[in-house]
Amino acid sequence: MDTAAATVRVTMKKLSLFFALLCTTALCTTVFYASALTQQVYVSVDKNGVPLYTDQPVAGSKKLELKVSLQSQQPQQATQIDPLASLTEQATAPYQLTILTPAMEATVISNQGEVVVQSDVSPALADHHKLRLVLDTSQQSPLQQSSNFRLLGVERGAHQLQLQAIDQNGKLIAESPVTTFYLRKTTIASPK
């Protein structure tokens, strides 16, 4: 009978420790949520009109009343992401860009260094997308809707052109193959 009484005492001690731990956890959780709900946020406006948010009051700041529900503290349910869908979206460019003139390896004759570039965009460019022309991988034209460009002051020699489509966020979304052309200026020594 002593063994049974000892077993009951040990079990009771374990249960009381478990209950004490459970109560402590509940108390800590309540204190944590209560402190999260009572945090203060202050807003002020700097000299440029930009709002600044802080947890400490500063001169000229106003206290914001925030309403936080315990429901918003719950972890969000994970959303399923299809990795193959993002790969197919990236692999398919929205536009087919082609430089029509000057043609690949063509020679343009212009003493002023003027080069007229005509290109084709298929399908038609959306209103919120723009085109830019890149000369020799560094000089970029301003963004525009038109697929025709006029370059001035191009030096004689070999040059590379590439047409690029840019989205509303400035992100490159499509580009043409690089086209190489040659600019020749007529001189007295070589009239043709």
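Contact here means heavy atoms within 4.5 Å. On that basis, and leaving aside neighbours within four places in sequence, S110 in this predicted model is in contact with L183, R184 and K185. S110 is found in the loop between β5 (106–109) and β6. With a relative accessibility of 8%, S110 falls under the 20% cut-off and therefore counts as buried. Its side chain also reaches the backbone nitrogen of G113, at 3.2 Å.

A word on confidence is helpful before going further. The mean pLDDT of the protein is 77, and 69% of the residues score at least 70. Residues 83–92 have a pLDDT below 50, and this stretch makes 0 contacts in the model beyond near neighbours in sequence. Where pLDDT is low, the predicted coordinates should not be read in detail.

Turning to the interior, the largest nonpolar core comprises 20 residues, and those with the most contacts inside it are L97, V115, V117, L131, L133, L161 and L163. Two or more residues each come from β4 (96–101), β6 (115–122), β7 (130–135), β9 (148–151), β10 (157–166) and β12 (179–184). For L161, the contacts outside its neighbours within four places in sequence include I99, V117, L133, L151 and F181.

Some of these strands also appear in an open sheet, where 3 strands run in the order β4-β6-β9 with antiparallel pairing. β4 and β9 are the edge strands, each pairing on one side only, and the twist averages 25° from one strand to the next. The antiparallel pairing of β4 with β6 extends over 5 bridges, and Q96 stands opposite S122 in β6.

Note on methods:
Residues are numbered from 1 along each chain as its sequence is written. This is a predicted model: local features need pLDDT of at least 70, side-chain atom pairs count only at pLDDT 80 or more; totals for chains, interfaces and linings use all residues. Side-chain values use heavy atoms; hydrogens and water are left out. pLDDT is the predictor's confidence in each residue, from 0 to 100. A nonpolar core is a set of buried Ala, Val, Leu, Ile, Met, Phe, Trp, Tyr and Cys residues joined through side-chain atoms within 4.5 Å. Buried means under 20% relative accessible area, exposed over 50%, partly exposed in between (1.4 Å probe, protein chains only). Helices (H or I, at least four residues) and strands (E, at least two) are DSSP runs, numbered from the N terminus. A polar contact is a pair of N or O atoms within 3.5 Å; within protein, one must be able to donate a hydrogen and the other to accept it, and residues adjacent in sequence count only if both atoms are side-chain atoms. Two strands pair if DSSP finds at least two bridges between them. Axes are lines fitted to C-alpha atoms, for helices over the stretch in contact, and angles run from 0 to 180 degrees between N-to-C directions.
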